[in-house]
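Colleague: Hi! Could you walk me through this one while I have it open?
Modeller: Happy to, let's load it up.

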Amino acid sequence: MADTDIPEVRKLPENKENSFRKRCDDIQCAFFSHFSKAPDFFARAPGRVNLIGEHIDYCGYGVLPMAIEQDILVGVSISDKPNLHLRNTDESFSAFSCPVDDYTIDKSKPEWQHYFLCGFRGIVEHMKISSPCGMKVVLDGTIPPSSGLSSSSALVCCAALATLHANKLTLSKTELAEVCAKCERYIGTEGGGMDQSISFLAKAGTAKYIKFNPLRAVDVTLPDGAVFVIASSLVEANKAATAHFNTRVVECRLATQVMAHVKLLPWREFRTLRQLQQRLNATLPDMVALTVEWLHEGSYTKQEICKLLEVTAEELNEASMSPNTLHVQEFKLRDRAMHVYEEADRVHRFKEIAETGASTGTTLKDLGSLMIESHASCRELYECSCQALDNLVQACIGAGAYGSRLTGAGWGGCTVSLVPEANLKSFLSKVQELYYGQDLTLFAKFEAAHALFPTKPSAGAAIYTY
């Protein structure tokens, strides 16, 4: 394993006026306040914005995210006592302590420490650490929680990297991403791995086209002349706290299995829509046509699916459902599969245009059009948008964006917009007026939060030392 394959260990900037150095120094002050000592090292993991490719990573398809400058940053000291002591610079998050071998990850009401415990447990189990060292931790986050910018996954990744380094172990970035994707399921989220992959594999200045099974990533240089702007709907969306996200995962799985059964294939062997496409040796447009042919409009009842697959409800629960979706009785199979296959095709077209098109107005308009199509599909077929997000997308387009779409799981959170760089200042002003200024309560929240900002591709997770 080459040294470049593992997360870097970097020296903190010597300039104490550097904004990142200032944050680390502030964490050090908080560390002294809580633990009467300085941290031994810092670990950072960035959030991400998905430019296009929503809800398709867990179906096996490639996505196109970039890491953002907002991040999770922890100061860590290694303890000779087998306990974890977790503190947060935001005092609205309560302190937490537990033994390294005796804790519970609460799926029903996940709190910030449970995400840290996911990363900790994932590394301990993957590396078979019999006696993990204790850690004292102070966390500082600049990713707005429940915003769709992957604050929870960044926290899991940061905890995993800190645990690995504290125990004097190393893993490749790819293996770390895979471990973190699996261990986030301890909290009940059945994601596909995009968030964890970009957090570790990101490189400053470029987006990434990330493919799965096996995990691999390719740099995608974005055209000049435009900037991506993130805007918060100010509606929080916690995908681990509701069944919406996992219901979509199950609907895609059931769509795969019902179509496999129509084709007289052993349906229990199929878990993702990409697996089915590969077995049929079909193109993405072919799969769209087959979806229309093989799946009916509207909802399937659980009873109907059981009849089609010739199984009992208990057998279907065992083969296809997840624990927090057992109560769901209706599933929109055709719409969900249509979104996935069409969105996967949009990702390919976005990547091709970004790589081969010159930085012209036509290129940027084409990319924007794909983003607009993506949001329409999320709204109509995948039903993961909400009125606030739809209003915000319209405000961003009305303010001059080439394109705008929800980013992240949806049901709240943020939009990402492709904006002419020369018009950035007027765009920000117009969005503030069109969306945030329409409601005094919303405007008050906007004033209190960093809710509208341009961003650029950031570097991936790393360790820092003085």
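## Helices, sheets and cores

Modeller: Let's start at a backbone detail: Lys128, just after helix α2, takes a positive phi of about 55°. Keep in mind that this is a predicted model.

Colleague: Okay, and how far does α2 reach from its first C-alpha to its last?
Modeller: Helix α2 covers residues 112-126 and reaches 22 Å, close to the 21 Å expected for its 15 residues.

Colleague: How many of the residues of α2 are buried?
Modeller: Twelve of the 15 are, so α2 is largely enclosed by the rest of the structure. Among them are Trp112, His114, Phe116, Phe120 and Val124.

Colleague: What covers those buried residues of α2?
Modeller: The cover includes strands β4, β5 and β6, along with helices α3 and α4, the latter being 173-183.

Colleague: Nice, let's stay with those strands. Which way do β4 and β5 run?
Modeller: Antiparallel: four bridges join β4 (residues 83-88) to β5 (residues 96-99). Leu84 stands opposite Cys98 in β5.

Colleague: And β4 with β6, parallel or antiparallel?
Modeller: Those two run parallel, and five bridges join them, with β6 spanning residues 134-141. There, Arg87 stands opposite Val138 of β6.

Colleague: Switching topic: what is the strand order in the open sheet of four strands?
Modeller: The order is β12-β13-β9-β14, with antiparallel pairing. The edge strands, each pairing on one side only, are β12 (403-407) and β14 (452-455). From one strand to the next, the twist averages 25°.

Colleague: How many bridges are there between β9 and β14?
Modeller: Four, in the antiparallel sense, and β9 runs over residues 226-232. Ala231 has Leu452 in β14 as its bridge partner.

Colleague: Now the packing. Which residues touch the most other members of the largest nonpolar core?
Modeller: Leu273 and Tyr341 do, in a core of 131 residues. Helix α3 (residues 151-166) gives the most to this core, with eleven residues.

Colleague: What does Tyr341 touch, leaving out residues up to four places away in sequence?
Modeller: Tyr341 touches Tyr61, Met259, Leu273, Leu276, Gln277, Leu284, Met287, Val288 and Thr291. Apart from that large core lies another one, of 20 residues, which includes Val227, Ala388, Ala401 and Leu442.

Colleague: Let me go back to helices. How many residues of α6 are buried?
Modeller: 16 of its 19 residues are buried, so α6 is largely enclosed by the rest of the structure too. Helix α6 (residues 244-262) reaches 27 Å from its first C-alpha to its last, close to the 27 Å expected. Just after α6, Leu264 takes a positive phi of about 60°.

Colleague: Last thing, cysteines. How many disulfides does the structure hold?
Modeller: Zero.

Colleague: Why is Cys133 not bonded to Cys98?
Modeller: Because the sulfur of Cys98, the closest cysteine sulfur to that of Cys133, is 13 Å away, too far for a bond. Cys133 has 14% relative accessibility, so it counts as buried.

Colleague: And how far is Cys180 from the nearest cysteine sulfur?
Modeller: The sulfur of Cys157 is the nearest, at 4.2 Å, and Cys180 is in no disulfide. A pair of cysteine sulfur atoms has to be within 2.5 Å to count as one. Cys180 is buried, with a relative accessible area of 0%.

Colleague: Great, thanks for the tour!

Conventions. Residues numbered from 1 in each chain as written. Predicted model: local features only at pLDDT ≥ 70, side-chain atom pairs only at ≥ 80, totals over all residues. Heavy atoms only, no water. Pairing = 2+ DSSP bridges. Axes fitted to C-alpha atoms, helices over the stretch in contact; angles between N-to-C directions. Core = buried A, V, L, I, M, F, W, Y, C linked by side-chain atoms within 4.5 Å. Buried < 20%, exposed > 50% of the residue type's maximum accessible area, 1.4 Å probe, protein only. Contact = heavy atoms within 4.5 Å. Expected span 1.5 Å × (residues − 1).
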